[in-house]
Amino acid sequence: SYLLKLLWLKRDSGQYWPSIYHTMASPCSAMAYHHDSRRIFVGQDNGAIMEFHISEDFNKMNFVKTYPAHQNRVSAITFCLASEWLISTGHDKCISWMCTRSGSMLGRHYFTSWASCLQYDHETQHAFVGDYSGQITLLKLEQNTCSVITTLKGHEGSITSLWWDPVQRLLFSGASDHSIIMWDIGGRKGRTLLLQGHHDKVQAICYIQLTRQLVSCSADGGIAVWNMDISREEAPQWLESDSCQKCEQPFFWNIKQMWDTKTIGLRQHHCRKCGQAVCGKCSTKRSSYPIMGFEFQVRVCDSCFESIKDEDRTSLATFHEGKHNISHMSMDISRGLMVTCGSDRIVKIWDMTPVVGCSLATGFSSR
């Protein structure tokens, strides 16, 4: 059996002590807590989801029922009280939604890769599912069926985290390619913003709609607070060319031009600011360009480097050290608190009030 230390209470001493222990038949892999009804749903490696009800004094937890949701590890869970739906994704490559009244399966939809994360719009019944192929699928869930609305492709690694803001209708995705993408779903213009400031896979994200700030955590312990209350620029699409778009020297696969000019072919690179295909000699400079999401130095062509002013390099995010390899993060936005869980088996509670509520973060410390 596997021990689940489920509930920690803050004592008068200021220290947290475990209040409820519960043993599970399989390791726990995902969790969702519904605050108003005090219902908690625990996903397991064996694919089952167990529901419990927590007492008012938070000292007792009663088992309600088990849902046979998946055939493999449960990766994400969300509960909709209005429809009494339990929606989940798993490593059996599917999303399932079950009725919490009857415990019966309502529907399933399969993907080509492991489903890794989930967000749900309770008003419109749209589900966003990220998977290990780097794709995000937008689904419309019905009582016993669903329809695929669209798929979003932009990441070069598996999707590790999603956050949906129903007010501005923005979807944020974090991935193992170290990047975050903001998808403007409500704008209907296909606008996407790239955010690159982490040096390891992005494990968790949280958008604070009130202050227009995005908090993100990465596996190496990096915590970033992004200012989204400004007009950012979209990163350009990379252009394709058989020769450098600056000096016109051929790239190494352009056999004809290499033969005609009796020159050796060059390797192709891309300027992150203009997107042009350039050779190494025409892109010797590196620069940050935060307005386009590049918080650390990236390759730019020499002409773009000259156009970037010093004030253009002013950071639009602040970066902090979590001092442990973060695997999960959750925020209580109303109280300005953040909880991080690490692969070191340590749980940290952070006071985010110096960060949240400011247009730009100023730093914070763990409690």
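Q: Which residues have the most contacts inside the largest nonpolar core?
A: This is a predicted model. Its largest nonpolar core has 17 residues. Strands β7, β8 (85-90), β9 (94-99), β11, β12 (126-131) and β13 (135-141) each supply at least two residues of this core. Those with the most contacts inside the core are I87, I95, W97 and L141.

Q: Which residues is I95 in contact with, leaving aside its neighbours within four places in sequence?
A: In soluble globular proteins, nonpolar side chains tend to be buried together. I95 is among the residues with the most contacts inside the largest nonpolar core. With neighbours within four places in sequence left aside, the contacts of I95 are I87, S88, T89, G107, R108, H109, F111, L118, A127, V129 and L139.

Q: How many residues does the second, separate core have?
A: Apart from the core of I87, I95, W97 and L141, the model holds a second one, which is separate. Its members include I208, I326, M331 and W350. The number of residues in this second core is 15.

Q: How many salt bridges does the structure hold?
A: One of the salt bridges joins E51 to R39, and another joins D45 to R73. R169 and D121 also meet in a salt bridge. For the structure as a whole, the count is seven.

Q: Why does the salt bridge between E51 and R39 tie together separate parts of the sequence, and how many residues apart are they?
A: The closest N and O atoms of E51 and R39 are 2.9 Å apart. E51 belongs to strand β5 (residues 49-54) and R39 to strand β4 (residues 39-44), so their pairing ties together parts whose separation in sequence is 12 residues.

Q: Are E51 and R39 buried or exposed?
A: Buried means under 20% relative accessible area. Both partners of this salt bridge fall in that class: E51 and R39 are buried.

Q: Which residues are linked with R39 in a network of salt bridges?
A: R39 forms a salt bridge with E51. The network that holds R39 also takes in E84. The residues linked with R39 are therefore E51 and E84.

Q: Where do D45 and R73 lie, and how many residues apart are they in sequence?
A: D45 and R73 form a salt bridge with closest N and O atoms 2.7 Å apart. D45 sits in the loop between β4 and β5, and R73 in the loop between β6 (61-67) and β7 (74-80), so the bridge ties together parts of the chain separated in sequence by 28 residues.

Q: What is the relative accessible area of R73?
A: D45, the partner of R73 in a salt bridge, is partly exposed at 24%. R73 is partly exposed as well, and its relative accessible area is 36%.

Q: Is D121 buried or exposed?
A: R169 and D121 meet in a salt bridge (3.7 Å, N to O). R169 is in the loop between β15 (159-165) and β16 (170-175), while D121 is in strand β11 (residues 115-121), 48 residues away in sequence. R169 counts as partly exposed at 30% relative accessibility. D121, with a relative accessible area of 4%, is buried.

Q: How far apart in space are G130 and Q249, C-alpha to C-alpha?
A: G130 lies in strand β12 and is buried, with a relative accessible area of 0%. In sequence, G130 and Q249 are 119 residues apart. In space, their C-alpha atoms are separated by 41 Å.

Q: What percentage of residues 152-185 is strand?
A: An unreviewed UniProt entry lists residues 152-185 under "repeat: WD". Helix makes up 0% of this stretch, and its end C-alpha atoms are 10 Å apart. The strand share is 62%.

Key. Residues are numbered from 1 along each chain as its sequence is written. This is a predicted model: local features need pLDDT of at least 70, side-chain atom pairs count only at pLDDT 80 or more; totals for chains, interfaces and linings use all residues. Side-chain values use heavy atoms; hydrogens and water are left out. A salt bridge is a side-chain nitrogen of Lys or Arg within 4 Å of a carboxyl oxygen of Asp or Glu. Helices (H or I, at least four residues) and strands (E, at least two) are DSSP runs, numbered from the N terminus. Buried means under 20% relative accessible area, exposed over 50%, partly exposed in between (1.4 Å probe, protein chains only). UniProt positions are given in the numbering used here, feature names are shortened, and annotations may be inferred rather than shown by experiment. A nonpolar core is a set of buried Ala, Val, Leu, Ile, Met, Phe, Trp, Tyr and Cys residues joined through side-chain atoms within 4.5 Å. Contact means heavy atoms within 4.5 Å.
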